[in-house]
Amino acid sequence: MCMSFRDSPLGSASIKMAKMPKHDPIQESLEQLSTLRAASDDAGLSGELRGFLRNRSNLVIAKAAKIAGERRVAGLVPDLVVAFHKLMRDPARVDKRCKALTEIVTVLYAMDYTEPEIYLQGLRHVTMEGSFGPPVNAAAHLRGLCAQGLTRTSHPTALEDVTNLLVDPEPPARIGAVRALAANGGPAGAIALRLKALTGDREAEVIAECFSGLMLSPSENSVSFVGRYVDSDDAEIAEAAILALGAARSARAVVVLKEKWEITIRGRLKKVLLLALASSRSEDALNFLLAQLETAQAPIAVEILNALAAQRPTASIRQSIEAAVQRRGDQILRDACSAAFSV
């Protein structure tokens with residue numbers, strides 16, 4: 001009887017070997033890190049993560065860095081720095097999409113690392129990588145993060161270096177520069193943000209960040225400056241200005257929003273104004289909306305009610321809302337109020 005190769009011992013062994021799962025050291029390391037992340041015991045965590053930060057895979061390094069940040073393992077800061085410099089020797093080859101470099105800088109920034117060298121290096125890093133369309137600049141987010149880190153250091157040219165990033169080709173880098181100048185740029189940073197808003201940007205989100213940055217310390221002048229844009233012909237810019245004013249916690253900002261409310265009939269902008277006023281946590285804004293609750297057209301009154309209820313008001317504010325609804329005597333509004341505050 002003739003035995004086929006498949007039925008022979010050698011053939012059977014070959015088939016079994018073919019069915020065996022391929023050994024994947026990267027996946028194994030990632031799974032080990034998942035186990036470490038779930039462990040409640042911090043004992044030995046630093047040593048385990050230190051070993052993974054020396055791994056050849058950027059995915060493993062990125063995950064180890066992320067866990068170090070989540071668990072606030074400050075003793076790993078030197079190891080994160082070493083890993084960063086090692087990756088920077090040949091980043092295009094060993095760190096696709098800048099995953100590990102970006103995660104390392106994120107963690108160092110969160111741990112208040114204030115040595116400028118890494119931030120300076122990352123600020124100037126460009127990695128063009130292939131995509132389905134034109135090549136993409138994979139380091140844009142990294143540059144933005146490094147801008148924020150650099151302005152927290154004592155480096156003498158930090159503001160100049162970060163200001164240059166305001167004209168970076170990529171939006172994430174420009175947004176990072178705006179946030180850096182807003183948080184730590186002082187008066188010079190505020191001037192740079194004004195200039196950026198005045199000259200414009202092809203991405204409305206960048207200008208929105210400028211408005212929000214200027215409202216971190218809302219002076220009379222900064223509120224007036226942002227207030228100009230609530231009448232912008234560009235709807236995205238107008239909405240960004242309105243929302244920034246609502247978040248400003250400023251009496252003058254509330255005045256600007258109330259004035260805009262009075263001249264805005266309906267539509268999306270009216271809803272954005274409502275959101276800004278309701279979320280401003282201002283007593284003046286609350287009283288204004290309570291008055292509107294009693295006098296506005298029914299559909300708008302319902303929107304005001306729902307916007308106020310969405311802010312999870314205190315018991316006393318809720319009582320004020322319910323009292324305004326009762327004074328109006330509108331059954332539709334009463335039903336809406338019951339629904340808004342139903343448990």
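Is Asp284 buried, partly exposed or exposed? At 33% relative accessibility, Asp284 counts as partly exposed (buried means under 20% relative accessible area, exposed over 50%, partly exposed in between, with a 1.4 Å probe and protein chains only).

Before going on, note that this is a predicted model, in which local features need pLDDT of at least 70, side-chain atom pairs count only at pLDDT 80 or more, and totals for chains, interfaces and linings use all residues. Residues are numbered from 1 along each chain as its sequence is written, and side-chain values use heavy atoms, with hydrogens and water left out.

**Stop 1: Asp284 and Lys258**

Keep Asp284 selected and add Lys258. Their side chains meet in a salt bridge, 3.3 Å from N to O (a side-chain nitrogen of Lys or Arg within 4 Å of a carboxyl oxygen of Asp or Glu). Lys258 lies in helix α16 and Asp284 in helix α18, so this salt bridge ties together parts that are 26 residues apart in sequence. Helices here are DSSP runs (H or I, at least four residues), as are strands (E, at least two), numbered from the N terminus. Lys258 is partly exposed, with a relative accessible area of 21%.

**Stop 2: Trp261, Phe288 and Lys270**

Now select Trp261 and Phe288. Trp261 is buried at 2% relative accessibility, and Phe288 is buried at 11%. Their ring centres are 6.2 Å apart and their planes are at 85°, so the pair is edge-to-face. For such pairs, the rings of Phe, Tyr and Trp (its six-membered ring) must have centres within 6.5 Å; planes under 30 degrees apart count as stacked, over 60 as edge-to-face and the rest as tilted. The pair links distant parts of the chain, 27 residues apart: Trp261 is in helix α16 (residues 251–263) and Phe288 in helix α18 (residues 283–295).

Add Lys270, which lies over the face of Trp261 at 4.0 Å from the ring centre (the rule asks for NZ of Lys or CZ of Arg within 6 Å of the ring centre and within 35 degrees of the ring normal). For another charge over a ring, select Arg152, which lies over the face of Tyr109 at 3.7 Å from the ring centre.

**Stop 3: the aromatic cluster**

How many aromatic pairs does the structure hold? There are four. One of them is Phe211 with Tyr229, a tilted pair at 4.9 Å centre to centre and 45° between the planes. Phe211 lies in helix α13 (residues 204–214) and Tyr229 in the loop between α14 (220–227) and α15 (235–246), so the pair ties together parts 18 residues apart in sequence. Phe211 is buried, at 0% relative accessible area, and Tyr229 is buried at 15%. Add Phe225 to show one aromatic cluster of Phe211, Phe225 and Tyr229.

**Stop 4: further salt bridges**

The structure has 15 salt bridges. Select Arg143 and Asp168, whose closest N and O atoms are 2.9 Å apart in a salt bridge. Arg143 lies in helix α9 (residues 140–150) and Asp168 in the loop between α10 (158–164) and α11 (171–184), so the pair ties together parts 25 residues apart in sequence. Both Arg143 and Asp168 are buried.

Next, go to helix α20 (residues 315–328), where Arg318 and Glu322 lie four residues apart, about one turn of the helix. Their side chains meet in a salt bridge of 3.1 Å, N to O. Arg318 counts as partly exposed at 32% relative accessibility, as does Glu322 at 28%.

Finish with Arg174, Lys196 and Asp201, which are linked in a network of salt bridges.
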